[in-house]
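Biologist: I am new to this structure and would like a close look at its side chains and the contacts they make. Please take me through them one group at a time, and say how much of each residue is open to the outside.

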Amino acid sequence: MTINRCFRRGAKEELGINVDDPILSPMNVFQVFFVKSLFQVALAGYSKFEGTFEELRALPAQDKPLEHESMESFEFGSKAMSKLLIGGELIPFVRDILIDFCKVKNIDVDMTENGGEKVDHGSGGMTLLRAA
């Protein structure tokens, strides 16, 4: 069992993408971390979907009402990511993962509100163990 195989099985369950479907690239893991509040070791990674956002939303996921109803699309650029990150709506460890993903993709984010002081929404009890 590989990490990528686990990822593909999760994509099948959560999004409805068949395990061997080429519309989803292999997962690129960039972080391993422990979430103290959930007592879980987790991975953060990304994959490329060869389709549109509407095609992704239309997939027949097993838990479709739970997984798809709140799915949103965001422009992956500096301004949009900065706004999302300082908005305070993200779960703290998801926010931290997104900050690191922006670094991986060389997206500069402004972590200040209106050019003022740096915003700190906390780490949510997450310990990061960086993957090489």
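**Side chains and their contacts**

Modeller: Cysteine 6 has a relative accessibility of 42%, so this residue counts as partly exposed. The value, like all that follow, comes from a predicted model. Cysteine 102 is buried, because its relative accessibility is 0%. As for bonds between cysteines, a disulfide needs two sulfur atoms within 2.5 Å, and the count by this rule is zero.

The aromatic rings come next. Six aromatic pairs turn up when the whole structure is searched. One of them joins phenylalanine 30 and tyrosine 46, whose ring centres are 6.3 Å apart; the planes stand at 40 degrees, so this pair is tilted. The two residues come from distant parts of the chain, since phenylalanine 30 belongs to strand β1 (residues 28–35) and tyrosine 46 to strand β2 (residues 40–46), with their positions 16 residues apart. Phenylalanine 30 is buried because its relative accessibility is 11%. Tyrosine 46, at 24%, is partly exposed. Another pair is made by phenylalanine 34 and phenylalanine 39: the ring centres are 5.2 Å apart and the planes lie at 85 degrees, so the arrangement is edge-to-face. Phenylalanine 34 is partly exposed at 21%, whereas phenylalanine 39 is exposed at 68%. Ring pairs also build a cluster, which takes in Phe30, Tyr46, Phe76 and Phe101.

Phenylalanine 39 deserves a second mention for its backbone. This residue sits in the loop between β1 and β2, and its phi is positive, about 50 degrees, although it is not a glycine. Most residues other than glycine have a negative phi. Asparagine 106 is a further non-glycine residue with a positive phi, near 55 degrees. Its place is the loop between α5 and β3 (126–130). With a relative accessibility of 67%, asparagine 106 counts as exposed, because the cut-off for that class is over 50%.

Charged side chains make up the next group. Four salt bridges are found in the structure. In one of them aspartate 20 meets arginine 5, with the closest N and O atoms 3.3 Å apart. This contact spans distant parts of the chain: aspartate 20 is in the loop between α1 and β1, arginine 5 is in helix α1, and they are 15 residues apart. Aspartate 20 is exposed, at 63% relative accessibility, and arginine 5 is partly exposed, at 38%.

The helix that holds arginine 5 can be checked for length. Helix α1 (residues 3–15) has 13 residues, so at 1.5 Å a residue its expected span is 18 Å; the C-alpha atoms at its ends are 17 Å apart, which agrees. Glycine 16 comes just after α1 and has a positive phi of about 85 degrees.

A further salt bridge joins arginine 95 to aspartate 96, with 3.5 Å between the closest N and O atoms. Both arginine 95 and aspartate 96 are buried. Aspartate 100 and lysine 103 form a salt bridge as well, at 3.8 Å from N to O. They lie three residues apart in helix α5 (residues 92–104), so about one helical turn separates them. Residues three or four places apart in an α-helix point the same way, because there are 3.6 residues a turn. The two partners differ in exposure: aspartate 100 is buried at 8%, while lysine 103 is exposed at 56%.

Last comes the largest pocket, whose volume is about 2,200 Å³. Its lining has 43 residues; Gly45, Met71, Glu72, Val94 and Leu98 are those nearest the centre. At least two lining residues come from each of α1, β2, α2 (53–57), α4 (78–86) and α5. Helix α1 supplies the largest share of this lining, seven residues.

Terms used:
Residues numbered from 1 in each chain as written. Predicted model: local features only at pLDDT ≥ 70, side-chain atom pairs only at ≥ 80, totals over all residues. Heavy atoms only, no water. Buried < 20%, exposed > 50% of the residue type's maximum accessible area, 1.4 Å probe, protein only. Phe/Tyr/Trp six-rings, centres within 6.5 Å; stacked < 30°, edge-to-face > 60°. Helix = DSSP H or I, 4+ residues; strand = E, 2+ residues; numbered from the N terminus. Expected span 1.5 Å × (residues − 1). 1 Å grid on protein atoms, 1.4 Å probe; cavity = no way out; pocket = protein on both sides within 12 Å on 5 of 7 lines; lining within 4 Å. Points joined across faces, edges and corners; volume = space filled by probe spheres on them.
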